[in-house]
Amino acid sequence: MSDPNNPNIEKRTTPQWALYQRENFWKVNDGQTVPFNTDPRKLEEEAHKELSQGGWYYASSNAGMSNTHLANRQAFFRHRIIPNQLVDTNLRDTTTEIFGHKVSAPIGFAPIGINKIYHPSAELAVAKVAGELNLPYCLSTAGSTPIEKVGEANGKGPRFFQLYMPHDDELTLSLLNRAWKSGFDALILTTDTWQLGWRHDDVANSNYAFYRGIGADLGLTDPVFQKRCREAGIDPEKDVVAASAKWIDSVWHGRAWSWEKIPWLIEQWKKISGGRPFAIKGIQSVADAKKCVEYGVDGIVVSNHAGRQVDGAIASLDALENIANAVGDQIYIMFDSGIRGGSDVAKALALGARFVFVGRLWIWGLSIMGEEGVRHVMKSLLADFDILMAVGGYNSVKDFDKSILESYPKSYTLLPEKVL
């Protein structure tokens with residue numbers, strides 16, 4: 001299936017991720033079983049079985065009627081990959097560079113908050129696997145584990161900090177300093193989540209773990225936030241619900257920022273980090289992408305928060321194509337929202353992204369089997385991508401451009417109840 005004695009393996013600059021396929025086929029010979037099926041549809045079903053009702057609702061809920069989530073997946077369907085035959089792909093290279101780091105593949109761990117509701121190992125398990133695989137890990141400000149512990153778990157892996165910016169500059173600076181001291185060397189500001197989108201299941205079930213005193217560990221361990229609690233007469237040890245509510249209301253505060261604040265944030269981060277990259281996540285329009293170039297932003301993540309913030313919005317993949325056409329040669333473009341497999345990664349790269357982030361895939365893996373679940377999902381995704389390159393005739397991530405796609409007009413008329 002994939003010869004482990006293939007002499008080309010030793011000559012490759014990246015691991016033969018495809019061997020993970022053989023490893024899983026062989027397991028039955030050793031009396032073992034594959035951890036679980038990584039088909040995204042089966043993954044989601046299995047995660048549903050494992051999670052509490054609250055965990056499931058928070059993992060699966062999208063804004064409004066999930067029309068943006070649906071559009072995200074439909075956008076991938078209108079692009080078809082054109083394979084090339086009789087190309088020597090024996091020495092194919094899955095690596096790429098992001099913010100000065102050479103990484104295993106153009107795939108990273110998207111920032112997702114409150115991992116504790118999915119598995120007790122929370123962010124520690126995810127960060128550990130990311131470090132093992134040399135894939136960038138992005139920690140959310142809404143994380144349920146202190147920044148310092150996540151940095152330790154990640155080891156020497158490349159890691160970035162995703163900021164939900166408080167309306168408290170002293171607290172913002174404290175978070176940035178903690179992140180930098182813990183080895184997070186790029187800052188990504190998320191701009192589409194001053195407040196959570198309207199998610200029907202979460203609202204109907206009062207499903208907000210922070211208001212139950214769960215998952216605010218990243219904030220509760222911050223010295224400035226601890227001071228804010230004392231000033232408000234809150235003892236976090238005695239009233240964790242009040243402290244947790246105060247924390248999340250400080251970062252998902254419902255008070256918008258504007259472009260006027262961006263120069264200050266860039267200046268502060270550059271000062272703290274010695275000039276390391278600053279990016280903005282949530283960009284969906286060409287106008288905003290051009291603003292990022294104008295303001296000296298180093299990178300953007302084209303993202304609609306996987307359809308969890310604005311219902312009825314443009315598909316993130318369509319936004320990517322528009323933005324890459326406009327500013328692709330002027331700024332480092334990343335992508336998320338809707339990646340489900342190796343072919344999706346290839347399509348996003350072909351349409352102008354230089355890097356993609358995945359979220360729900362590893363969240364489902366974490367929910368099913370903790371650390372081992374995350375590892376199985378991400379090694380499977382790497383194998384899927386590696387095999388696609390092998391049989392599709394692609395030797396480098398640079399080979400993925402528009403010439404490898406046949407693209408059809410936008411026509412999102414079907415509205416099935418569920419599309420993964």
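Contact, in what follows, means heavy atoms within 4.5 Å. The model on the screen is a predicted one, so please keep that in mind throughout.

I'll start with His 305. UniProt, in an unreviewed entry, places the feature "active site" at His 305. Where does His 305 sit? The residue is in the loop between strand S9, 299–302, and helix H14, 316–327. Is His 305 buried or exposed? Its relative accessibility is 14%, and buried means under 20%, so His 305 counts as buried.

Which residues does His 305 touch, once neighbours within four places in sequence are left aside? They are Tyr 164, Thr 190, Asp 192, Thr 193, Lys 281 and Ser 337. With one of these, Thr 193, there is also a polar contact, side chain to side chain, at 3.2 Å.

The same unreviewed record has a wider annotation. UniProt gives "domain: FMN hydroxy acid dehydrogenase" for residues 32–410, again from an unreviewed entry. Over residues 32–410, helix makes up 44% of the chain and strand 12%. The C-alpha atoms at the two ends of that stretch are 45 Å apart.

Next, two helix pairs. Two packed helices are described by the angle between their axes and by the distance between those axes.

The first pair on my list is H1, residues 19–26, with H16, residues 360–392. Their axes are 8 Å apart and the angle is about 120 degrees. That angle makes H1 oblique to H16. On the H1 side, the residues are Tyr 20, Gln 21, Glu 23 and Asn 24. On the H16 side, they meet His 376, Lys 379, Ser 380, Ala 383 and Ile 387. By type, the residues of this contact are 3 nonpolar, 4 polar and 2 charged.

The other pair is H7, residues 169–181, with H10, residues 223–231. Here the angle is about 150 degrees, with the axes 8 Å apart. From H7 come Glu 170, Leu 171, Ser 174 and Arg 178, which meet Pro 223, Val 224, Phe 225, Lys 227 and Arg 228 in H10. This contact divides into 4 nonpolar residues, 1 polar and 4 charged.

Staying with H7 and H10, look at Asp 222. Asp 222 is in the loop between helix H9, 217–220, and H10. How much relative accessible area does Asp 222 have? The value is 0%, so Asp 222 is buried. Its side chain reaches the backbone nitrogen of Val 224 at 2.9 Å. Beyond four places in sequence, Asp 222 is in contact with Leu 171, Ser 174, Leu 175 and Arg 178. Among these, Leu 171, Ser 174 and Arg 178 are also H7 residues that meet H10.

Two more residues before I stop. Val 240 is in helix H11, residues 240–251. At 34% relative accessibility, Val 240 counts as partly exposed. Leaving out residues up to four places away, Val 240 touches Gly 213 and Leu 220. Lys 271 is 31 residues from Val 240 along the chain, and their C-alpha atoms are separated by 34 Å.

Thr 96 lies in strand S2, residues 96–98. With a relative accessible area of 15%, Thr 96 is buried. Which residues does Thr 96 touch, not counting those up to four places away in sequence? The list is His 101, Lys 102, Val 103, Ala 105, Pro 106, Arg 354, Phe 355 and Val 397.

Key:
Residues are numbered from 1 along each chain as its sequence is written. This is a predicted model: local features need pLDDT of at least 70, side-chain atom pairs count only at pLDDT 80 or more; totals for chains, interfaces and linings use all residues. Side-chain values use heavy atoms; hydrogens and water are left out. UniProt positions are given in the numbering used here, feature names are shortened, and annotations may be inferred rather than shown by experiment. Helices (H or I, at least four residues) and strands (E, at least two) are DSSP runs, numbered from the N terminus. Buried means under 20% relative accessible area, exposed over 50%, partly exposed in between (1.4 Å probe, protein chains only). A polar contact is a pair of N or O atoms within 3.5 Å; within protein, one must be able to donate a hydrogen and the other to accept it, and residues adjacent in sequence count only if both atoms are side-chain atoms. Axes are lines fitted to C-alpha atoms, for helices over the stretch in contact, and angles run from 0 to 180 degrees between N-to-C directions. Angles under 35 degrees count as roughly parallel, over 145 as roughly antiparallel, 65 to 115 as roughly perpendicular and the rest as oblique. Ala, Val, Leu, Ile, Met, Phe, Trp, Tyr, Cys and Pro count as nonpolar, Asp, Glu, Lys and Arg as charged, and the others, Gly among them, as polar.
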